[in-house]
Amino acid sequence: MTTNTTFSPTITTDVLIIGFGKGGKTLASKLSATGHKVVVAEASANMYGGTCINIGCLPSKSLILSAEQANRTGESLTTETRETAFKNAIAEKRRVTSMLRDKNYHKLADQDNITVLTGRARFIGPHSAEIATADGPVTVTAGKIFINTGATPHIPDIPGIRTTPGVYTSTGLMDIDEIPQRLVIIGSGFIGLEFASMFADFGSAVTVLQHSAEFLPREDADIATAIREQLGAQGVKFLFHAETKEIAPASAGGVRLSVAVKGSTKATPEKNASANSTTTPLQETYEADQLTSAAHPSEAQFCLTADAVLVATGRTPNIEGLNLEAAGVELTERGAVKVDELLRTTAPDIWALGDVNGGPQHTYISLDDYRVVFSQLNGSDRPYTVNDRKNIPSSTFLHTPYSRVGLNEREASAAGLDYVVKKLPVAAVPKAQVMRQPEGMMKAIVERGTGRILGAMLLSAESHEVINIVKLAMDLGAPASTLRDMIFTHPTIAEALNDLFA
């Protein structure tokens, strides 16, 4: 791929969009169609189309589907077959991302009003930025500038974490050529759990290290327990209250982690702990040697050896090298670009879209950020704002997908609401039995008296589709009785909403 313009050291344009993510590329296409001249600057040719297409949602879901197939067909049972299945999965992931990247590039670059520049951008003034392209620096001056640079994995300050071979972020682990027989994951947020579930389905022995004592502390205890049990059924092990002290190459190959576990001095940590227990189950198939000394009397130290380590400790806004001070753009305390309800930064005519502004890190939020921005540019009498958003759903693609929208029970209780809890085991859903996926549970929170749906949590096959029905009902203000009495096709997972809200 090449840019669609002859090299010029200076460009004056109507709009500069820094970053090729969902919000930015959608805005570029729309503004181009309305006659604006647009420059899109993307730091890497491997990121045309943004995070989701290249290193996020779509490649991970491609691998998850391949892993589920390997698990279903038995390919994950032996070393030889799982290695073949994994190589085929990686090849298919690369095919999909390459195809989508090419389509996204040409969707913009082939438009007469859009110039795509490949190179890192840095502000050099309130309305200008320098793009470091392979042909040399290009200075772009624009009336309006949109920052859409996304987020990058957070790397904790652990000795050896950046220099030891075999330590990956999610980006790197999705592009390895050989499956790790033993995988340690640092961090038990939903990204870490997706990878734990995926690699367990491929046949890897997976252990998750969690710094705190509570599993999924923001979720209801019954939901967290159900998710933990599902992952446990896949063979995923957890080590709680675990702090990784050091990472280094193992003498016999692989990666060696020194891990301190608070609240335990036992040489053999307990297994089969409950989801929110402070006990410390340890993957028995790992080399786990207790060290003779500990920094604290109530702390045990272990060395774990693995073939690969995934660092899944969150993502932070990607502002490195942007030189935002030159444009007068300020940051929040958490390092995100500071924006108001219209996504305007602290500098005139500069906006920030997507993960870089510190909002929910979802592709569909980046798309909604485009709507917020474009509503200010198209002459709307009342622009759409982030405060107008309602009921943002989310899905985590585990072996049994988990999706939720609105309030859970602990949040409804904390808000002082009067509510009724409704539950349904997925095993009671005929379609789930037909699919041979009866695992999980459905839970909903309904306001007593009004019947207003406050939230729903679905740990179920196809929950990522069904949750959107619940969101629509909530957006429209429909009471729970609407879903209770709705006519659904049969057999479907969606028809379970009849019984859930009964």
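Author: Two strands count as paired if DSSP finds at least two bridges between them. This is a predicted model, and the pairings below are read from it.

Reader: How many bridges join strand E21 to strand E22, and how do the two strands run?

Author: Strand E21, residues 441-447, and strand E22, residues 453-459, are joined by 6 bridges and run antiparallel. Within this pair, Ala444 has Ala456 of E22 as its bridge partner.

Reader: Which sheet holds these strands, and in what order?

Author: An open sheet of 5 strands, ordered E18-E19-E22-E21-E20, with antiparallel pairing. Strand E18 (394-396) and strand E20 (419-425) each have a single partner strand, so one side of each lacks a neighbour in the sheet. From one strand to the next, the twist averages 10°.

Reader: Which helix packs on the sheet, and what does this helix touch?

Author: Helix H7, residues 221-233, touches strand E19 (402-406), E20, E21 and E22. The direction of H7 makes about 165° with that of E21.

Reader: What is the pairing in the sheet that contains E7 and E15?

Author: The pairing there is parallel, in an open sheet of 5 strands ordered E7-E15-E8-E9-E10. Strand E7 (167-168) and strand E10 (237-239) are the edge strands, each pairing on one side only. Between E7 and strand E15 (residues 308-311) there are 2 bridges; in one pairing, Tyr168 has Leu310 of E15 as its bridge partner.

Reader: Turning to pockets, how much space lies in the second largest one, and which residues are closest to its centre?

Author: The second largest pocket holds about 570 Å³ of space. It is lined by 22 residues, and the closest to its centre are Glu68, Arg72, His399, Thr400 and Gln437. The lining divides into 8 nonpolar, 7 polar and 7 charged residues. Helix H3 (57-73) and H7 each supply at least two of the lining residues, and H3 gives the most, with 6.

Reader: Where is Leu343, and is this residue buried or exposed?

Author: Buried means under 20% relative accessible area, and exposed means over 50%. Leu343 has a relative accessible area of 2%, so it is buried. Its place is in the loop between strand E16 (315-317) and strand E17 (350-352). Phi of Leu343 is near 65°, a positive value in a residue other than glycine.

Reader: And Arg436: buried or exposed?

Author: Arg436 is at 71% relative accessibility and therefore counts as exposed. Arg436 is not a glycine, yet has a positive phi of about 60°. The residue sits in the loop between helix H10 (430-434) and E21.

Reader: Which residues does the cis peptide bond at Pro491 join?

Author: The bond joins His490 and Pro491, with omega about -5°. Pro491 is found in the loop between helix H12 (480-485) and helix H13 (496-500).

How values were computed: Residues are numbered from 1 along each chain as its sequence is written. This is a predicted model: local features need pLDDT of at least 70, side-chain atom pairs count only at pLDDT 80 or more; totals for chains, interfaces and linings use all residues. Side-chain values use heavy atoms; hydrogens and water are left out. Helices (H or I, at least four residues) and strands (E, at least two) are DSSP runs, numbered from the N terminus. Axes are lines fitted to C-alpha atoms, for helices over the stretch in contact, and angles run from 0 to 180 degrees between N-to-C directions. Contact means heavy atoms within 4.5 Å. On a 1 Å grid over the protein atoms alone, a cavity is a set of points where a 1.4 Å probe fits but cannot get out, and a pocket is an open set with protein on both sides within 12 Å along at least five of seven lines; lining residues have an atom within 4 Å of a point. Grid points are joined across faces, edges and corners, and a volume is the space filled by probe spheres set on the points. Ala, Val, Leu, Ile, Met, Phe, Trp, Tyr, Cys and Pro count as nonpolar, Asp, Glu, Lys and Arg as charged, and the others, Gly among them, as polar. Buried means under 20% relative accessible area, exposed over 50%, partly exposed in between (1.4 Å probe, protein chains only).
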